[in-house]
Structure formats: structure tokens, C-alpha cells
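Please load the model into your viewer and keep the sequence panel open beside it. The tour goes from one selection to the next, with a note at each stop on what to look for.

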Amino acid sequence: MSNLRDGQSDIRDINFILMKHLDERISGNIVINDSKADIPVISDGNCSKAFGADTVKEDLDMLKEQMKKLADVCKTESDVEIYKEPCTNATLSISEDCVGGPDGVNIILTKRGKQILARCEAGWLIIAHRYDGSVDFNLDWDNYQHGFGNIRKEHFIGFENILPVLLQKRYKARFDLTTWESETGYAEYQTFDINDKNDKYRISIDDYSGTAGDSMQWSNHMRFTTKDNDNDRRTGNCAEGHEGPFWYDSCNWGNKGSIFGRYAKNPKCSNAWNCLTWYDWPKKLPGVDNNSLYSFKEVKIKIRPIY
Ligand SMILES: [Ca+2]
């Protein structure tokens with residue numbers, strides 16, 4: 001009986017997803033002509049562009065195939081930590097990003113068929129979250145490529161997971177920061193994109209607005225550097241010297257928002273620029289000589305499409 005209930009629930013979920021995708025395919029000025037028909041006849045507003053049942057069946061077959069692939073997401077053995085825990089109770093809510101989806105971990109199905117897990121929050125898709133130091137962020141290139149941490153807690157989503165999302169539309173990014181004194185600030189960037197691995201995940205980040213200060217301006221157009229993959233503009237490796245990867249230009253002054261540094265577990269960083277740094281905070285941060293020595297308590301990076 002419980003198997004039957006599970007099956008029924010699966011069918012409902014799949015049906016919902018198929019309908020959602022059909023809705024998207026016929027959106028714009030194309031509408032369902034006869035909602036009572038078993039197989040809907042689809043036409044534009046003037047009924048001049050009717051599609052037959054074959055077209056709809058083709059779409060459904062394609063979508064069923066997608067669903068099969070999707071169901072395999074959680075079954076696939078993965079050595080990437082990010083995918084292990086949530087698969088036991090990931091929300092089966094399919095979307096191209098987090099817009100319109102519920103808060104929590106969702107399966108994202110991109111237009112080109114890439115499936116990823118992402119935590120959603122009020123329509124934003126979270127790329128990275130740090131708040132308690134439970135996850136080491138000073139990791140290798142491979143970790144940043146594929147993601148690490150626990151998606152419900154501290155994690156980085158992985159470049160290879162976020163790039164297919166970014167390819168779909170234009171997205172903006174927002175950095176939410178919290179101090180140990182519980183002050184919050186944000187930096188929002190209307191221009192945000194990341195190039196592929198061949199360009200070492202070079203970032204485009206511009207058109208700042210917000211309250212936290214623009215500490216990413218120094219990283220605009222920079223490539224990503226980890227301790228085992230040096231793509232910065234200095235002779236040495238900035239990630240090695242500063243205990244964390246980033247889109248480094250040079251090491252210090254090109255490192256003003258290096259939020260992947262060491263988690264200090266208190267506001268004081270023992271080495272300038274080495275912790276969870278956000279130098280351009282609009283005032284001097286308390287308890288340190290200058291802002292390069294302050295380590296923030298929390299940072300969250302998230303994206304959502306620009307309409
Ligand atoms: Ca270098």
C-alpha cells in the first residue's frame with residue numbers, strides 16, 4: 001500500500017513537472033485552446049498555429065526522458081559531499097533557477113538538461129554560504145569546480161553546477177554580509193557572469209549598489225585562483241599566501257572581498273586579508289586596526305535573474 005502511495009505521489013510530481021514545462025513551451029502568445037481535451041490542442045491566440053497531438057506527444061516523450069534522468073540524480077553515487085545528504089529528502093520541485101520555487105533544497109533543471117541541487121531562498125539561488133566555520137574553504141581547484149560542503153549548511157555550489165544556470169538568462173548577484181556585532185550589509189551587482197573553465201572561471205561583476213561597500217570591484221575580470229591552480233597576476237600564488245581561493249588580481253589590494261579565506265570564528269584575523277574579508281565596509285570595523293584584519297561572521301552569495 002505504501003509503495004502504491006509512493007508511486008501515486010511520483011506520478012503526481014511528474015505530471016506537475018510535465019505540465020509546468022508544457023506551460024513554459026506554450027507561454028508567450030501561444031495558449032491552450034481547449035483545456036478539456038485529453039490531449040490539449042495548442043494554438044496561438046488566433047488559432048492559426050495549431051499543433052497536432054504528435055507534437056505534444058514528442059514533447060511529452062522528451063520530458064519523460066528528462067524525468068528519468070532527473071530521477072537518477074540522487075541515485076548516482078557521488079564523491080561530491082554536496083550531493084550526499086540532501087538526496088534523502090530533496091524537494092522535488094523543478095525549476096530553471098529559484099524563481100517561483102519553494103525555499104529549501106530544490107532540483108534545478110536547466111534549459112539544456114543539466115540537473116543540479118541548489119538551496120533557494122525567496123527566489124534567490126545560493127552559490128555559497130559561510131557562517132560557522134564548519135567547512136574548510138581553502139580547498140583545491142577540483143573542489144571549486146564541482147562543489148563542496150553541505151548544501152543545507154556551509155557550502156560552495158561548484159562552478160560546473162552554476163555555469164549552466166548562468167547560461168540561461170542574465171543574472172544579478174548579491175553578497176549578504178553579517179558582522180559579529182550583528183550588523184548586516186549587502187552588495188548587489190547587476191552585472192554578473194562567470195566564464196568557463198578554459199578561461200579559469202573569470203568573473204564579470206559590476207554595477208554595484210548596496211550598503212556593504214563594493215569590495216568585488218577589484219576582482220572584476222579576474223580569473224579564479226586556488227592554492228593548486230595559480231591564475232592571478234602576481235608571481236606567487238595569492239591563494240597560498242592568503243589561505244583561500246579567490247578571483248585575485250594581485251594579492252593584497254586585489255583581494256578586498258576575499259570571502260573564501262580562513263574562518264576566524266571571531267572578528268579578529270591574525271593576518272591581514274587572510275580571513276573572511278570585506279574591506280570596503282562603509283565604516284571602520286570594530287576591534288581591529290583596519291578592515292583588512294576583520295573577519296566577518298557570515299557571508300552568503302546568491303543570484304537571481306534580471307527581468
Ligand atoms: Ca600568480
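Begin by selecting helix α4, residues 159-166, in this predicted model; the buried residues there are Phe159, Asn161, Ile162, Val165 and Leu166. If you turn the view to look down the axis of α4, its buried residues fall within an arc of 160°, so they line one face of the helix. Next, display what covers those buried residues of α4, which includes the strands β4 (104-109), β5, β6, β9 (171-178) and β10, together with helix α3 (141-146).

**The strands β4 and β5**

From that cover, select β4, where five of the six residues are buried, so that the strand is largely enclosed by the rest of the structure. Add β5, residues 115-121, which runs antiparallel to β4 and is joined to it by six bridges. Two of the facing positions are worth labelling: isoleucine 108 stands opposite isoleucine 116 in β5, and asparagine 106 has alanine 118 of β5 as its bridge partner. The hairpin of β4 and β5 has five residues between the strands, and glycine 113 in this hairpin takes a positive phi near 90°. Like its partner, β5 is largely enclosed by the rest of the structure, because five of its seven residues are buried.

Which residues does glutamate 121 touch, once those up to four places away in sequence are left out? Select glutamate 121 in strand β5, and you will find Asp103, Ile126 and Lys302 as its contacts beyond those sequence neighbours. Glutamate 121 has 17 other C-beta atoms within 10 Å, which is why it is classed as partly exposed. A distance drawn from its C-alpha atom to that of glycine 104, 17 residues away along the chain, should read 6.6 Å.

**On to β6 and the nonpolar core**

Now extend the selection to β6, residues 124-130, which runs antiparallel to β5 and is joined to it by two bridges. These two strands form a hairpin with two residues between them, and alanine 122 in the turn has a positive phi of about 50°. Across this pair, cysteine 120 stands opposite leucine 125 in β6.

Stay with leucine 125 and show its contacts, leaving aside neighbours within four places in sequence: they are Asp97, Cys98, Ala118, Cys120, Val165, Lys302, Ile303 and Arg304. Leucine 125 and Ala118 are the residues with the most contacts inside the largest nonpolar core, which has 64 residues. The largest share of this core, five residues, comes from strand β6. In soluble globular proteins, nonpolar side chains tend to be buried together.

**Two residues with positive phi**

Move next to the loop between β10 (184-194) and β11 (203-210), and select lysine 200 there. Its phi is near 55°, a positive value in a residue other than glycine. Is lysine 200 buried or exposed? Lysine 200 counts as buried, because it has 20 C-beta neighbours inside 10 Å, and 20 is the number from which a residue is classed in that way.

Continue to aspartate 207, which lies in strand β11 and likewise is a residue other than glycine with a positive phi, here near 60°. Aspartate 207 has 11 C-beta neighbours inside 10 Å and therefore counts as exposed.

**The whole chain, and where to be careful**

Finally, clear the selection and look at the protein chain as a whole, with its five helices and 12 strands. Of its 307 residues, 37% are buried. Among contacts between residues at least 6 apart in sequence, 46% join residues that are at least 24 apart.

Colour the chain by pLDDT before closing: the mean is 81, and 69% of the residues reach 70 or more. Over residues 28-50 the pLDDT is below 50, and beyond near neighbours in sequence this stretch has 26 contacts in the model. For residues 75-81 the pLDDT also stays under 50, and the model has seven contacts beyond four places in sequence for them. Where pLDDT is low, the predicted coordinates should not be read in detail.

Conventions
Residues are numbered from 1 along each chain as its sequence is written. This is a predicted model: local features need pLDDT of at least 70, side-chain atom pairs count only at pLDDT 80 or more; totals for chains, interfaces and linings use all residues. A nonpolar core is a set of buried Ala, Val, Leu, Ile, Met, Phe, Trp, Tyr and Cys residues joined through C-beta atoms within 7 Å. A residue is buried if 20 or more other C-beta atoms lie within 10 Å of its own, exposed if 12 or fewer, and partly exposed in between; C-beta atoms are placed from the backbone. Helices (H or I, at least four residues) and strands (E, at least two) are DSSP runs, numbered from the N terminus. Two residues are in contact if their C-beta atoms, placed from the backbone, lie within 7 Å. pLDDT is the predictor's confidence in each residue, from 0 to 100. The arc is that of the directions from the helix axis to the C-beta atoms. Two strands pair if DSSP finds at least two bridges between them.
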